[in-house]
Amino acid sequence: MLIRSRREFLKLAALPALAKDNTRPNVIVIMTDDQGYGDFSCHGNPVLKTPNMDALHSESVRFTDFHSAPMCTPTRGQLMTGVDALKNRATSVTAGRAVLRRDLPTMADIFKQNGYRTGLFGKWHLGDNYPYRPMDRGFDEARYHLGFGISSAPEFGNDYFNGRHHHNGEVKKFDGYCTDFWFREAMTWMRAQRGPFFCYIPTNAPHGPAWVDAKYSAPYNRPKLPKDFFGMIANLDENLGTLETFLRQENLRENTIVVFMTDNGATAGYNVFNAGMRGRKQLYYEGGHRVPCFVRWPKGGLRKPSDSRVPAQMQDVLPTLIDLCELKKPSNATFDGRSLAPILKGKAEDIGDRMLIVQYGQIPKKFEAAVIWGKWRLVGGTELYDIYADPAQERDVASATPEVVAKMRAYYEKWWAPIEPTLRDFQPISIGAPQENPVVLSSSDWEEVYADNPGHVSEAAGGPRGGPWNVYVERGGEYEIRLSRWAPNLQLPLTAGRPVQKMTAGQLPVGKAIPIAGARLTIAGQQLSVTTKATDTEAVFRVKLNGKAKTKLHGWFVDSQGADLCGAFYAQVKLPKH
């Protein structure tokens, strides 16, 4: 049932509830995108008002020294698997490094195997194609967008208002504002469940572009304030309040574990308030990866709402939920995180001495990381900070405490050694699989090339050849491969530019015209070329491929003289029925 307004939501809430299994706890994990630790009034922000987030904070056990990766995909992969990003392979937001290893069980897999219904509503960003889509990784119900956000390369031309989304792989329209839609659909789905559920709500807001209804931005329409960014957070806060009302009305609140987090450090709110921390998103100082983590379970016998200063990380969430929900752990699951359940239950003040490593990257390099050990932070392998004495990380004490540096470097060296040989082990996208045929590839997954933003597509960025896609040929046969400059749904000529696209609350930039006259394709040792006309919307190839083989698919465009122009930003790959 699609709920188009709060009035319809209230009508739904008045319906008689279905019989439910109330013995095992439900679980809701909420992750907002690009909201820093300082973007909460409960954390001291002097401008932004977040009353519903503040209320959840006041009712929760709060891990105040909790760490994500400094960018979103690595954080999400660590949450879903309990495994470090450089081990699970989802190390970056693009460049062929934004998908999880196939062999790792996910949080959704584990809940599903234990009799839970599983649903995702919002941002996945761990693979747009089979076998990496959310429904391939354990989710019974998945409503999501592709790529990093609704304006990303695979979603090119999409809008935050009345746009499109994917429902278990099928493209559909949504009504209203995206954040409202994710929460609305999550509540509709939760209400329909008769047994315990795991509901994951990872919003794409407040990640840019900052498109939101002006009524939410209006209170922050002052000089030097990121009014639309704060407006997106205000809308999120309102939806959190609606969710709280829903949980109370449905008698779900008491036996539902709610975990609230964000995916990385400060972004647009950095210059307003960063809770006294140094650094922001992408950086290895605290402001880049220290994030909130609130855990509430009224019926679960948790300790009273309070702060825990124990260093913890995203990889701890899955083993923690396994313990709290008494789930059976898969035999093939090995976690880098530890369960925080003893702290949550008030049975322990800590979980033992350990070091944590924060690292991500398009091309991860040795010691481009932060190592966490109690109060110590080793940044870049050489800088050492005592966070307790110097929370702003202004005084490097490496020379004064060389023994601490030596121990932390030695731990990192041991961790890094088995990882380094695997760093070029790209996870391939399947083509020719019955689960997804045809497959639409986008520049977001080009190997080693950062090209996932609408600006990259509009400007034809990424070099004269773009990059290859790593693919796995599931079935042998003659494939049809269609290369395009623009997103296939736009049906624009290869040579065409695009005017500024006005959106509901923003715009996409001008698209550059390119004098494309032909295309090149390399795959499985074969090199092919075709000429194209100015009116063609795609370059079409047919090529025979052997099945059960990993290879690279690389397509790019050339001019009338054969000079390379730009990569093919999109490829449709189909194995026709035979």
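In which sense do strand β3 and β13 pair, and over how many bridges? The close-ups below take up this point and several others in what is a predicted model.

**Close-up 1. A mixed, open sheet built from 3 strands.** Here β3, covering residues 66-67, runs parallel to β13, and the two are joined over 2 bridges. Within this pair, F66 faces A312 of β13. The strand order is β10-β3-β13. The edges are taken by β10 (290-291) and β13 (312-313), and each has a single partner strand, so one side of each has no neighbour in the sheet.

**Close-up 2. Two cis peptide bonds that lead into prolines, Y130 to P131 and A205 to P206.** As background for this view and the next, most peptide bonds are trans, and most residues other than glycine have a negative phi. The bond joining Y130 and P131 has an omega of about 5°. To find P131, look in the loop between β4 (117-123) and β5 (141-145). From A205 to P206, omega is near 5°. P206 sits in the loop that runs between β8 (197-202) and α7 (214-217).

**Close-up 3. Positive phi at N168 and at E326.** N168 is not a glycine, yet its phi is positive, at about 50°. Its place is the loop between β6 (164-167) and β7 (170-173). Is E326 buried or exposed? With a relative accessible area of 72%, E326 is exposed, while N168, at 33%, counts as partly exposed. The phi of E326 is near 55°, again a positive value in a residue other than glycine. E326 belongs to the loop between α10 (317-324) and α11 (341-344).

**Close-up 4. A salt bridge between R97 and E448.** Side chains of opposite charge can pair when their charged atoms come close. The structure holds 40 salt bridges, and in this one the N to O distance is 3.5 Å. R97 is in the loop between α4 (85-88) and α5 (107-113), and E448 is in the loop between β19 (439-442) and α13 (454-458), so the pair ties together parts that lie 351 residues apart in sequence. Both of these residues, R97 and E448, are buried.

**Close-up 5. E185 and R143 meet through their side chains in a salt bridge.** Here N and O are 3.2 Å apart. The contact links distant parts of the chain, with E185 in helix α6 (residues 178-192) and R143 in strand β5, 42 residues apart. Which relative accessible area does E185 have? The value is 6%, so E185 counts as buried. R143 is buried too, with a relative accessible area of 13%.

**Close-up 6. E286 and R377 form a salt bridge.** Their closest N and O atoms are 2.8 Å apart. Helix α9 (residues 286-289) holds E286 and strand β16 (residues 376-379) holds R377, so the salt bridge ties together parts 91 residues apart in sequence. E286 is buried, at 2% relative accessibility, and R377 is buried at 1%.

**Close-up 7. A network of salt bridges.** E59, E244, R248, R253, E254 and R296 are joined into one network by salt bridges that share partners.

Methods
Residues numbered from 1 in each chain as written. Predicted model: local features only at pLDDT ≥ 70, side-chain atom pairs only at ≥ 80, totals over all residues. Heavy atoms only, no water. Pairing = 2+ DSSP bridges. Helix = DSSP H or I, 4+ residues; strand = E, 2+ residues; numbered from the N terminus. Buried < 20%, exposed > 50% of the residue type's maximum accessible area, 1.4 Å probe, protein only. Salt bridge = Lys/Arg side-chain N within 4 Å of Asp/Glu carboxyl O.
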